[in-house]
Amino acid sequence: MGFLKKLFGGLAAKPEKRYFIFQVKCKRCGEIIAGRVDLDNDLSVEYESDGDVYHVRKVLMGTGGKYCYQQVEVGLKFNKDRKLLETQVSGGEFVEND
Ligand SMILES: [Zn+2]
């Protein structure tokens, strides 16, 4: 028990906090496309009454290997602790990865 807890605790603390990695699934061909948000540089702040929120917009495209050139537009919203609050995806769907 103690060992496992230590192991997972250690792993969880390791990944760089700076990047938020996510995946979307293309609505047309089903390709999984990975995206990355640089939490230090990509976010713009928006002041809302219940606290600041940070948002970012990304346009992703698959490899086109299946002759699909659908663009997937992703909007993400984070709170000030860089915790994901909201996702908006057009042209595809957000893939939960935990
Ligand atoms: Zn596609």
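Visitor: What does the secondary structure of the protein chain come to?

Guide: In this predicted model, the elements run α-β-β-β-β-β-β-β from the N terminus. The secondary structure of the protein chain thus comes to one helix and seven strands.

Visitor: What share of the residues of the protein chain count as buried?

Guide: The accessible surface of the protein chain comes to about 7300 Å², and carbon and sulfur atoms hold 50% of that surface. A residue counts as buried when its relative accessible area is under 20%. Of the 98 residues, the share that count as buried is 29%.

Visitor: Among contacts between residues at least 6 apart in sequence, what percentage join residues at least 24 apart?

Guide: One pair of residues from distant parts of the sequence is Gln71 and Arg28, which are 43 residues apart in sequence and 9.7 Å apart in space, C-alpha to C-alpha. For the protein chain, counting contacts between residues at least 6 apart in sequence, the portion that joins residues at least 24 apart is 38%.

Visitor: Which residues are the protein donors of the zinc ion?

Guide: The donor residues are spaced C-x2-C-x38-C in sequence. Each donor atom is an SG, and the donors lie 2.2 to 2.3 Å from the zinc ion. The protein donors are Cys26, Cys29 and Cys68.

Visitor: How many residues apart in sequence are the parts that Cys26 and Cys68 tie together?

Guide: Both Cys26 and Cys68 are buried. Cys26 lies in strand 1 (residues 19–26), whereas Cys68 lies in the loop between strand 4 (51–61) and strand 5 (71–78). The pair therefore ties together parts whose separation in sequence is 42 residues.

Visitor: What is the order of the open sheet of three strands?

Guide: The pairing in this sheet is antiparallel, and the twist averages 35 degrees from one strand to the next. Strand 2 and strand 7 (92–95) each pair on one side only, which makes them the edge strands. The order of the sheet is 2-1-7.

Visitor: In strand 2, which residue is the bridge partner of Val24?

Guide: Strand 1 and strand 2 pair in the antiparallel sense over seven bridges. In strand 2, the bridge partner of Val24 is Ile33.

Visitor: Is Asp38 buried or exposed?

Guide: Asp38 has its place in strand 2 (residues 32–38). The cut-off for a buried residue is under 20% relative accessible area. Because the relative accessible area of Asp38 is 11%, Asp38 is buried.

Visitor: With which side chain does the side chain of Asp38 make a polar contact?

Guide: Leaving aside neighbours within four places in sequence, Asp38 is in contact with Arg18, Tyr19 and Leu43. The polar contact of the Asp38 side chain, at 2.7 Å, is with the side chain of Arg18.

Visitor: Which are the edge strands of the open sheet of four strands?

Guide: This sheet has the order 3-4-5-6, with antiparallel pairing. The twist averages 25 degrees from one strand to the next. An edge strand pairs on one side only, and here the edge strands are strand 3 (44–48) and strand 6 (84–90).

Visitor: Over how many bridges do strand 4 and strand 5 pair?

Guide: Strand 3 and strand 4 pair in the antiparallel sense over five bridges, with Glu48 opposite Gly51 in strand 4. Between strand 4 and strand 5, Tyr54 stands opposite Phe78 in strand 5. Strand 4 and strand 5 pair in the antiparallel sense, and the number of bridges is eight.

Visitor: Which residue takes a positive phi in the hairpin of strand 5 and strand 6?

Guide: Strand 5 and strand 6 pair in the antiparallel sense over six bridges. Phe78 has Leu84 as its bridge partner in strand 6. The hairpin has five residues between the strands, and the residue with a positive phi near 65 degrees is Arg82.

Visitor: Which residues does Gln71 touch, not counting residues up to four places away in sequence?

Guide: Gln71 is found in strand 5. Apart from residues up to four places away in sequence, Gln71 touches Val59, Leu60, Met61, Ser90 and Gly91.

Visitor: What is the relative accessible area of Asp52?

Guide: Asp52 has its place in strand 4. Leaving aside neighbours within four places in sequence, Asp52 is in contact with Val45, Glu46, Tyr47, Asn79 and Lys80. Asp52 is partly exposed, and its relative accessible area is 31%.

How values were computed
Residues are numbered from 1 along each chain as its sequence is written. This is a predicted model: local features need pLDDT of at least 70, side-chain atom pairs count only at pLDDT 80 or more; totals for chains, interfaces and linings use all residues. Side-chain values use heavy atoms; hydrogens and water are left out. Helices (H or I, at least four residues) and strands (E, at least two) are DSSP runs, numbered from the N terminus. Buried means under 20% relative accessible area, exposed over 50%, partly exposed in between (1.4 Å probe, protein chains only). A polar contact is a pair of N or O atoms within 3.5 Å; within protein, one must be able to donate a hydrogen and the other to accept it, and residues adjacent in sequence count only if both atoms are side-chain atoms. Contact means heavy atoms within 4.5 Å. Donors are N, O and S atoms within 2.8 Å of the metal (3.2 Å for Na, K and Ca); water is not among the atoms, so sites may look incomplete. Accessible areas come from the Shrake-Rupley method with a 1.4 Å probe; for residues, only the protein chains shown count as cover. Two strands pair if DSSP finds at least two bridges between them. Axes are lines fitted to C-alpha atoms, for helices over the stretch in contact, and angles run from 0 to 180 degrees between N-to-C directions.
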